[in-house]
Amino acid sequence: MKENKEQNSQITRVKVYGEQDGFKLIVSHNPLNSILAVHFLFGNKVRLESEYGENAAWILHDCLSQRMKELISRHNKRGFGFLFKFNDNPYIPMDNIYMDDDFSYVRAEALEDHFAESVPWVIDQIENFQPTLEEFERAQANYKRIFPASSKRDSASQLFSNTINDTVYKMPDTAGLPSLTFNSLQRFTKVYFDKNNLILSIVSSQEADRIAAIFPAIKELKGIPKAQRSQKSIKLLLSELKLHKTVDGNRAFFFGGFTKTIQNRHLAALKALSVLLSEQIQFKIREELGMAYGINSGIEIIEDRALFYLRFATAPKNIGTIQKIWPTFFQSNNFTAISEITFKKTINKYLGRMAFRKLSSINQGFYLGKALYNGTGPNDDQKQLDDLKKLNLETLYEVALEYLDSKVPLEIIFSPEDS
């Protein structure tokens, strides 16, 4: 399904309707668009799965996908031409950026010729959905196929990830999740797909109030609800910590970094610093040293804390070299010497990448819903990008001097014994 990419940058207005503690509707009016994007965000996944069963949201979405494929194939209007997406793949980089521990979503796109009929139709299919036993069993088989037991939760890679999570983050409590049964999935469906657990984002060429009229008696929402999310937080590490573990296999895994409390006024500069930091580390390790291809690095921010980090897998023989040089990647003098040209080029590249992600109406719907679920308001994401555009090099220098050169580093290494 094609749409004019240039047109989609011309969002004229975003309005939010609904109740503070119930169903919320976001409408983004784009007068030049021809695509109707309907984005369902279902919240409280961690809390509800802890009550009803492990992986309940994924299984439920798969059951729904089975039903919709069957329904659309025999629907006299072919489901109004909707194209759906029900589950993302964590192994695909462009997919996994949209995944979250505390919510899941369904994406639906169609031409908006019959929006007054098609929007209620697609909402009704989801709101009144109940999986069958056959759909549940097929979904379980699909889950095992995509996430096979051979991936070994106790493998070196998974143990390494678990160690990072335990050391760096305070994670949502998912220990001892009950096993999902067909009966518990049916009960989960009723509360998870309940309208009060939904943020519905619609991007359309229709006026916002015309879309809102589909929902009887709904009123414009004044003020943004305070977020009550179950998500990980970053621990403040106050002393040096080095964890080295011997593992089987022929790969070594390295994580280095530190955490700090940050100030909200530095968010734009820290994002810019993260982009520059990641580019420098990628170039050094991949291009100059040839030690790894897949490198994850930069600055992760959650609320008022930031994690400055480097993570990758490499040949065991490289670990000694990395141990000696990795702290130099996080020195402020690497950034206080950056030229205006390099700074602008890097920021523009990042802004272009973010703009690419938002070319489609359905991706705009995702970002609108996520921002509202975070309690920051649907326009906050765009505000952050606008702040980045206005950032100057002098502010970047100041932030680099304030946050880098940490004296409290964390180092985690998993490596074969003979490395």
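Reader: What makes strand β3 and strand β5 a pair, and in which sense do they run?

Author: In this predicted model, strand β3 (residues 35–42) and strand β5 (residues 104–111) are joined over eight bridges in the antiparallel sense. Two strands count as a pair if there are at least two bridges between them, and eight bridges satisfy that condition, so β3 and β5 are called paired. Within this pairing, Leu 36 stands opposite Ala 110 in β5.

Reader: What is the order of the strands in the open sheet, and why are β1 and β4 called edge strands?

Author: The open sheet has six strands in the order β1-β2-β7-β3-β5-β4, and its pairing is mixed. The strands β1 (13–18) and β4 (83–85) each pair on one side only, and they are the edge strands. From one strand to the next, the twist averages 15 degrees.

Reader: How do you know that β11 and β12 pair, and what is found between them?

Author: Strand β11 (residues 295–302) and strand β12 (residues 305–314) run antiparallel and are joined by eight bridges; since at least two bridges are required, these strands therefore count as paired. Ile 299 stands opposite Phe 308 in β12. The hairpin of β11 and β12 has two residues between the strands, and in this hairpin Glu 303 takes a positive phi near 55 degrees.

Reader: What makes the phi of Ala 217 worth a remark, and is this residue buried or exposed?

Author: Most residues other than glycine have a negative phi. Ala 217 has a phi near 65 degrees, which is a positive value in a residue other than glycine, and its place is in the loop between α8 (208–212) and β8 (233–234). The relative accessible area of Ala 217 is 73%, and exposed means over 50%, so this residue is called exposed.

Reader: Why is Asp 405 called partly exposed, and where is its place?

Author: Asp 405 has a relative accessible area of 33%, which is neither under 20% nor over 50%, and therefore the residue is called partly exposed. Its place is in the loop between α14 (393–403) and β13 (410–415), and Asp 405 also has a positive phi, near 60 degrees.

Reader: Why is Asp 381 called buried, and which residues does it touch?

Author: The relative accessible area of Asp 381 is 18%, and buried means under 20%, so the residue is called buried. Asp 381 has its place in helix α13 (residues 380–390), and it touches Lys 358 and Tyr 367, when residues up to four places away in sequence are not counted.

Reader: How do helix α2 and helix α5 pack, and which classes of residue make their contact?

Author: Helix α2 (residues 56–74) and helix α5 (residues 133–146) pack at an angle of about 115 degrees, with their axes 9 Å apart, and α2 passes α5 in a right-handed crossing. Among the residues that meet are Trp 58 and Arg 67 in α2, and Phe 136 and Tyr 143 in α5. By class, the contact of α2 with α5 has seven nonpolar, three polar and four charged residues.

Reader: What is the confidence of the prediction along the chain?

Author: The chain averages a pLDDT of 89, and 93% of the residues score at least 70. Among the elements of the chain, helix α7 (residues 182–192) has the highest mean pLDDT, 98, and helix α3 (residues 93–96) the lowest, 67. Over residues 2–11 the pLDDT is below 50, and this stretch has 23 contacts in the model beyond near neighbours in sequence.

Note on methods
Residues numbered from 1 in each chain as written. Predicted model: local features only at pLDDT ≥ 70, side-chain atom pairs only at ≥ 80, totals over all residues. Heavy atoms only, no water. Axes fitted to C-alpha atoms, helices over the stretch in contact; angles between N-to-C directions. Helix = DSSP H or I, 4+ residues; strand = E, 2+ residues; numbered from the N terminus. Left-handed = near helix turned anticlockwise from the far one by under 90°. Contact = heavy atoms within 4.5 Å. Nonpolar A, V, L, I, M, F, W, Y, C, P; charged D, E, K, R; others polar. Buried < 20%, exposed > 50% of the residue type's maximum accessible area, 1.4 Å probe, protein only. pLDDT = per-residue confidence, 0-100.
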